[in-house]
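Here is a friendly walk through a protein chain, written for someone meeting structures like this early on. Keep the picture beside you as you read.

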Amino acid sequence: MKDELLKLKKQFIEEIVSVRNLEELTLIKSKYLGKKSRISEIMSSMKKLPIEEKREVGALCNKLKNEITQKVKEKNEELISKSTFDFDLTMPINKNRGSLSPITIVGKEVCDVLQKLGFTIVSGPEIEDEYHNFDALNIPSTHPARDMQDTYWTNSGKLLRTHTSPCQVRAMEKYGAPLRIAAPGRCFRNEDIDACHENTFFQLEGMVIDKNVSISNLLYVMKGILSEIFGKVVEVRLRPGYFPFVEPGFELDVKCLICNGKGCPTCKDSGWLELCPCGMVHPKVLKMSNIDPNIYSGFAFGIGLTRLAMMKYHINDIRILNSCDLEELSQFDIM
Ligand code: DAH
């Protein structure tokens, strides 16, 4: 073994002098110091040697490894100091630089506004359990609302979250009341895909819980948020909407930003755009997460970020957003 180590040393010295670049140096380094190197093999086979010899060979191996490490380091410095970089300042810039997805941009804008209003941004798992996605939101297994959200189930009985609302539950469990959180994230539903439907989309959940929270607080906050996002004062209206975890529940519409309420193809001549379902948190939902509904009340909302991005950037086919087609996506190179 001692002879072999000497031979290895000689061989290494011969090889390192002829190394010309960093790639070659990496190869040599792993050849002599890597897990599969001969030195490592020798070190692991040493166990069988008698104690005296083990000590001697062990010391030789360590010495050789240190010498090799030192030489590699010196060579590395030598190569770096010799290398020169050629810059051709006349080369055209690479136009294919990356850009943020419109959904990322819109999501960030909404979060920025909410953070200014004291909301904490939280997240939750994309693979959820039935309790947080459904039961704790007052959607028991017999509830027809489960059918509306065609769910992807995993073999282990978990599911891909169908909305960001389970983040409300997790936040209530973790922080209790009072609470002000927003949770952007990806959601999944087993939908047939067309220009308006995707099986993967983004929502942003918001929740406020405190003493004496009322519907007028909900309206005020929503109006503030949307005015900031759209960069002008928007008019909003509430229509009744049914969601098991809020009572009363609403659909919140904004006055069409394109025709200012006069009626156009975007708002289908109604003058209003449906934007954000919301409502006052159901007392049962508070109770299930250990918040006393006699002391606290709250509101929650779920903004469709995918929908918002489509509205803001006039994207008429939802499939573009998940397509990974850079040519399509580069149209929205807004950063
Ligand atoms: N999670 C609901 C959905 O995806 C949307 C929603 C409705 C969220 C009402 C809310 C709410 O927070 O209050 O269909």
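Two strands count as paired when DSSP finds at least two bridges between them. With that in mind, look at strands β4 and β5 (residues 200-210) in this predicted model: ten bridges join them, and the two strands run antiparallel. One pair to look for is Ile-181, whose bridge partner in β5 is Met-207.

On to another neighbour of β4. Strand β1 (residues 120-121) is joined to β4 by two bridges, and these strands run parallel. Here Ile-121 has Ala-182 of β4 as its bridge partner.

The table puts the two pairings side by side.

| Strands | Bridges | Direction |
|---|---|---|
| β1 (residues 120-121) and β4 | two | parallel |
| β4 and β5 (residues 200-210) | ten | antiparallel |

Now step back to the whole sheet. It is open, has seven strands with mixed pairing, and follows the order β1-β4-β5-β9-β8-β7-β6. At its edges are β1 and β6 (236-240), each of which pairs on one side only.

Helices also meet this sheet. Helix α11 (residues 305-312) packs on the sheet, where it touches β4, β5, β8 (272-281) and β9. The direction of α11 makes about 55 degrees with that of β9. Helix α5 (residues 102-116) lies across β1, β4, β5 and β9 (297-304), and runs at about 5 degrees to β5.

Why is strand β4 largely enclosed by the rest of the structure? Buried means under 20% relative accessible area. Seven of the ten residues of β4 (residues 179-188) are buried, so this strand is largely enclosed.

Next, the empty space. The largest pocket has a volume of about 1,500 Å³. Its lining is made by 48 residues, and those nearest its centre are Cys-196, Glu-274, Leu-275, Gly-304 and Arg-307. The elements that each give two or more residues to this lining are α7 (145-148), β5, β7 (246-255), β8, β9 and α11. Which element gives the most to the lining of the largest pocket? That is β8, with eight residues.

Finally, consider the chain as a whole. It is divided into domain 1 (2-82) and domain 2 (102-332). The C-alpha centres of domain 1 and domain 2 lie 60 Å apart.

Notes. Residues are numbered from 1 along each chain as its sequence is written. This is a predicted model: local features need pLDDT of at least 70, side-chain atom pairs count only at pLDDT 80 or more; totals for chains, interfaces and linings use all residues. Side-chain values use heavy atoms; hydrogens and water are left out. Domain bounds come from an automatic or database domain assignment. Buried means under 20% relative accessible area, exposed over 50%, partly exposed in between (1.4 Å probe, protein chains only). Helices (H or I, at least four residues) and strands (E, at least two) are DSSP runs, numbered from the N terminus. Contact means heavy atoms within 4.5 Å. Axes are lines fitted to C-alpha atoms, for helices over the stretch in contact, and angles run from 0 to 180 degrees between N-to-C directions. On a 1 Å grid over the protein atoms alone, a cavity is a set of points where a 1.4 Å probe fits but cannot get out, and a pocket is an open set with protein on both sides within 12 Å along at least five of seven lines; lining residues have an atom within 4 Å of a point. Grid points are joined across faces, edges and corners, and a volume is the space filled by probe spheres set on the points.
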